[in-house]
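Let's take a tour of this protein, one piece at a time. Keep the sequence and the 3D view open while you read.

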Amino acid sequence: MIPRVVIAGTSSGAGKTTVATGIMAALSNVAAFKVGPDFIDPSYHALATGRPGRNLDAFLSSPELIAPLVRHGAAGADIAVIEGVMGLYDGASGRGELASTAHVAKLLQAPVVLVVNCEAMARSVAAIVHGYRTFDPDVNVAGVILNKVGSSFHADILHEALPDIPVLGALHRNAALEVPERHLGLVPVAERAPRARAVIEHLGAAIKEFCDLEAIVALARTAPERPGEAWAPRAETARVRVAIARGPAFSFHYQENLELLRGAGAELAEFDPLTDEALPDADALILAGGFPEVFGEELSANEPLRREIAAFDGPILAECGGLLYLAETLDERPMCGVLPVEAHMTQRLTLGYREATSLSDHPVWPKGTTTRGHEFHYSTVSAAGNAWEHQRGREGHVAGNVHASYLHTHWAATPEVADRLVTACG
């Protein structure tokens with residue numbers, strides 16, 4: 001396994017995305033990874049590195065696959081930079097370490113650089129860093145980057161408070177380095193690519209100026225060898241065609257899912273529901289997550305495409321945003337009308353990992369199938385549904401060849417999902 005380093009935060013909002021993306025932009029030939037089920041941060045990683053942004057989630061894909069997934073995703077790269085999730089020790093349940101940044105760092109035997117938001121703080125930074133370094137002695141917190149520093153004088157005070165750990169950089173408060181946010185986190189690259197490129201260029205320049213890149217790379221090289229097999233999809237000749245929604249409204253895709261579909265024999269035909277008035281010629285349809293609520297007016301106005309989707313008779317898989325798009329209406333605007341439900345945006349966040357069992361027969365998710373997934377949405381639909389049962393009850397809808405739910409699923413540990421979709425196209 002190549003040199004690798006984890007960029008962790010003391011909490012959400014500490015600045016780990018800023019620092020990690022900046023390091024990716026400042027270095028060359030970087031393989032980028034994000035701990036957890038996030039779709040948006042990997043889109044910035046991809047723009048910074050020119051390689052697919054990938055996820056490492058020990059809940060969704062099992063701890064045993066974390067190292068093989070890194071070997072696969074880092075093939076041909078010189079260094080792997082892994083951005084953490086939430087605070088360093090925050091895991092899937094809020095209690096144990098499963099799927100936390102610390103858990104992934106231990107599985108990879110990777111050193112950790114801790115990003116600390118230093119606003120309104122001086123010597124207290126030493127207590128915070130000491131706590132994170134000693135909480136789990138098996139986690140190698142080997143360096144610190146100070147973020148949102150107020151001045152050079154402030155930086156000097158912080159440095160003096162941390163004599164026992166390498167301070168690898170100090171980033172001053174700078175609005176040019178901030179990425180706009182909304183209800184589910186950062187605004188995805190698909191909606192603002194030109195501006196995102198400019199921000200990433202600023203981030204890379206700031207990291208080069210204010211951080212010790214040579215020391216960060218040297219730290220990554222201290223990660224020990226980890227011999228083993230790489231995760232890999234099969235490689236079959238394409239025999240079916242799968243239409244897959246992309247663009248600003250539907251940008252949530254796990255890279256490994258796409259690779260598994262291609263490996264199972266699917267050619268992926270992309271289309272943008274905001275602009276394309278016809279589906280590609282295809283045997284199956286995938287409507288992934290995204291932000292249909294932000295583009296509700298445009299999606300509703302594209303009546304030709306809505307009619308084609310309503311008439312499509314092949315297998316359909318829809319997750320979260322795709323579920324909303326298949327409803328009769330979304331906040332009173334007409335959608336595809338495939339499912340007899342109405343969808344509405346709410347002020348309440350539904351968030352968390354799920355262990356789900358399929359309630360209804362579908363070619364891809366047969367009745368009784370179990371899987372792990374993740375929910376993250378501010379919306380609701382008018383009926384509980386018959387797709388999944390998990391710890392929050394029943395949700396999602398199965399109707400003939402249509403399977404639509406709020407559950408985002410990562411297929412690295414269950415490649416048979418892609419196989420079943422390709423088989424269903426026959």
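## A warm-up with two strands

Which residue in S17 does alanine 343 stand opposite? It's valine 381. One thing to know before going on: what you're looking at is a predicted model.

That pair belongs to a longer ladder. Strand S16 (residues 342-358) and strand S17 (residues 370-381) run antiparallel and are joined by eleven bridges. S17 also has dealings with strand S22 (residues 408-409): two bridges link them, again in the antiparallel sense. If you want to find that link on screen, look for glycine 373, which stands opposite threonine 409 in S22.

## The seven-stranded sheet

Now for a parallel sheet. Seven strands make up an open sheet with parallel pairing, and reading across you get S3-S2-S4-S1-S5-S6-S7. The edges are taken by strand S3 (54-56) and strand S7 (167-172); each has a single partner strand, so one side of each is left without a neighbour in the sheet. On average, neighbouring strands here are turned by 25° against each other, if you ignore direction.

Zoom in on one pairing. Strand S2 (residues 30-35) and strand S4 (residues 79-83) pair in the parallel sense, with five bridges between them. Alanine 31 has an alanine across from it, namely alanine 80 in S4. A helix lies across this sheet too: helix H8 (residues 213-220) crosses strand S1 (4-9), S4, strand S5 (112-117), strand S6 (141-149) and S7, and it runs at about 115° to S1.

Here's a handy rule for looking at any sheet. In a regular strand, side chains alternate between the two faces of the sheet.

## The six-stranded sheet

There's also an open sheet of six strands, ordered S11-S10-S12-S13-S21-S20, and its pairing is mixed. Why is one side of S11 and of S20 left without a neighbour in the sheet? Strand S11 (266-271) and strand S20 (397-399) stand at the edges with a single partner strand each, so there's no neighbour on one side. From one strand to the next, the twist averages 15°.

Part of the mix is a parallel pair: strand S10 (residues 240-245) and strand S12 (residues 284-287), held by three bridges. Isoleucine 244 has isoleucine 286 as its bridge partner in S12. Lying across S10, S11 and S12 is H9, which runs at about 130° to S11.

## Helices that cross

Two helix pairs deserve a look. Helix H1 (residues 16-26) and helix H7 (residues 193-210) have axes that come within 7 Å and cross at roughly 85°. An angle from 65 to 115 degrees counts as roughly perpendicular, so H1 is roughly perpendicular to H7. On the H1 side the contact includes Val19 and Ile23, and on the H7 side it includes Leu203 and Ile207. By class, the contact of H1 with H7 has seven nonpolar, four polar and one charged residues.

The other pair is helix H3 (residues 66-73) with helix H4 (residues 101-108), packed at an angle of about 75° with axes 9 Å apart. That angle makes H3 roughly perpendicular to H4. Ile66, Ala67 and Val70 of H3 meet Val104, Leu107 and Leu108 of H4. What classes do the residues of this contact divide into? Six are nonpolar, with no polar and no charged ones.

## Empty spaces

Finally, the gaps. How many cavities of 30 Å³ or more does a search of the whole structure find? It finds one. This largest cavity holds about 220 Å³ of space. It's lined by 20 residues, and the closest to its centre are Asn257, Ile286, Glu319, Thr409 and Trp411. H9, strand S13 (316-319) and strand S21 (402-405) are the elements that give two or more residues to the lining. By class, the lining of the largest cavity has 14 nonpolar, five polar and one charged.

You've already met two of those central residues: Thr409 as the partner of glycine 373, and Ile286 as the partner of isoleucine 244.

There are pockets as well. The second largest pocket has about 430 Å³ of space. Its lining has 20 residues, with Ser43, Ala46, Arg246, Ser251 and His253 nearest the centre. Helix H2 (40-49) and helix H9 (255-263) each supply at least two lining residues, and H2 gives the most, with five. Sorted by class, the pocket lining is eleven nonpolar, seven polar and two charged.

Notes:
Residues numbered from 1 in each chain as written. Predicted model: local features only at pLDDT ≥ 70, side-chain atom pairs only at ≥ 80, totals over all residues. Heavy atoms only, no water. Pairing = 2+ DSSP bridges. Helix = DSSP H or I, 4+ residues; strand = E, 2+ residues; numbered from the N terminus. Axes fitted to C-alpha atoms, helices over the stretch in contact; angles between N-to-C directions. Parallel < 35°, antiparallel > 145°, perpendicular 65-115°, else oblique. Contact = heavy atoms within 4.5 Å. Nonpolar A, V, L, I, M, F, W, Y, C, P; charged D, E, K, R; others polar. 1 Å grid on protein atoms, 1.4 Å probe; cavity = no way out; pocket = protein on both sides within 12 Å on 5 of 7 lines; lining within 4 Å. Points joined across faces, edges and corners; volume = space filled by probe spheres on them.
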